[in-house]
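Here are a few exercises to work through with the structure open beside you. Try each task on your own, then follow the solution step by step.

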Amino acid sequence: MTLQSIFEQNREHLMSAISGADTVSVIRILNSELDRMLYTFNDQEESARVREAASSMMQTAKAACSLVDSAGETNIYGRIDYGKTTPPRKMSKWGGLLLLIGLIGTVVTLVGIQLLATSAAAGSSDWQSAGLPPRYLLAAIPLLTIIASFFAGILNRKKESAHEALHAETKIDASKLYNYLLSVILVIDKCLEDVRNSDRQAERERTREQVSAMDPAELELLSQLLEDAYSRKGEDEQAEEEISQIRFYLHRKNIDVVDWTPDTRSQSGKGGDGVVDSRGWFDMIPAYKSGTIRPALVADGRLLKKGMASAKRG
């Protein structure tokens, strides 16, 4: 099982947990997911060297998760395009009406003051004979003018917008984050596969060295003992025990004891009378029944000692 398969099994749950979460929570979720993956992987991995490499790489991946919280301060700017005219602010209907009343009242007040001044200069003490309006009207017009101008100014003043503090919030893209983390997992899987291949190559080298160190005379003796035990199979109860012990001894030295089977033979000659071993691991002799006379000794796919087998003529 690879880390990628473990990671993809929990995709929906991880995407749901990340979506809408803040950066601190996202880092915690990712660290928990990587710990879960490492535990599952190590529980099924047989190679101690691969488990150790996976633990180291996962620690690096967990440390890299902190990069999610690497965004700096977000500034929001306003822009003024100089040279472009701003449309004038429209005057309100009631504001315009009150402004007009105030202007008319101002004119009437000035005219009234002028008439008063003319009457005083002529020495006239009678308001009606001088052609002047009633006194209460002359006093009310300036007051109404002031009131109308005041409210016109209120209605037509510029409304200042309230001060607003702008904040920017960056949301985590769960899909992108999942794909980035998947890329990291794929790289880790590739590195772990390289470690496995290195272990296999080292094991092959150790097997070759161990097999090369064996005495050829010892292999010959073991092969003869196996031939003798095979000849007594079915008749002597000790034969099976001897074969098992020799097999176990050779297995500890990374040498396989291979029996001949019909799948390894091929027919040759006219009429199919000749039977030969297709792998070349056995010397074939004709007999009334087929079977292994002496097993072949093989190490890492390489023949060490040729075996012997009998094949029934067709």
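**Exercise 1.** Is Glu45 buried or exposed? Then find where Glu45 sits and what surrounds it.

*Solution.* Keep in mind that this is a predicted model.
- Step 1: Find the place. Glu45 lies in the loop between α3 (23-44) and α4 (48-64).
- Step 2: Check the accessibility. Glu45 has a relative accessible area of 14%, and buried means under 20%, so Glu45 counts as buried.
- Step 3: List the contacts. Setting aside neighbours within four places in sequence, Glu45 touches Val50, Arg51 and Arg196.
- Step 4: Look for charged partners. A network of salt bridges links Glu45, Glu193, Arg196 and Arg200.

**Exercise 2.** Work out which residues of helix α2 are buried and how they are arranged around the helix axis.

*Solution.*
- Step 1: Pick out the buried residues. In α2 (residues 11-18) they are Leu14, Met15 and Ile18.
- Step 2: Look down the axis. The buried residues of α2 fall within an arc of 100 degrees, so they line one face of the helix.
- Step 3: Recall the general rule. An α-helix has 3.6 residues a turn, so residues three or four places apart point the same way.
- Step 4: Turn to the other face. Glu12, His13 and Ser16 are exposed there, away from the buried side.
- Step 5: See what comes next. Gly20 follows α2 and has a positive phi, near 80 degrees.

**Exercise 3.** Describe the salt bridge between Asp199 and Arg49, then do the same for Lys306 and Asp283.

*Solution.*
- Step 1: Take the distance for Asp199 and Arg49. Their closest N and O atoms are 2.8 Å apart.
- Step 2: Place these partners in the chain. This pair links distant parts: Asp199 is in helix α7 (residues 174-212) and Arg49 in helix α4, 150 residues apart.
- Step 3: Check how open they are. Asp199 is partly exposed at 22% relative accessibility, and Arg49 is partly exposed at 44%.
- Step 4: Move to the second pair. The side chains of Lys306 and Asp283 meet at 3.2 Å, N to O.
- Step 5: Place this pair too. Lys306 is in the loop between β7 (302-305) and β8 (307-312), while Asp283 is in strand β4 (residues 282-287), 23 residues away.
- Step 6: Put the pairs in context. The whole structure has 14 salt bridges.

Conventions: Residues are numbered from 1 along each chain as its sequence is written. This is a predicted model: local features need pLDDT of at least 70, side-chain atom pairs count only at pLDDT 80 or more; totals for chains, interfaces and linings use all residues. Side-chain values use heavy atoms; hydrogens and water are left out. Buried means under 20% relative accessible area, exposed over 50%, partly exposed in between (1.4 Å probe, protein chains only). Helices (H or I, at least four residues) and strands (E, at least two) are DSSP runs, numbered from the N terminus. The arc is that of the directions from the helix axis to the C-beta atoms. Contact means heavy atoms within 4.5 Å. A salt bridge is a side-chain nitrogen of Lys or Arg within 4 Å of a carboxyl oxygen of Asp or Glu.
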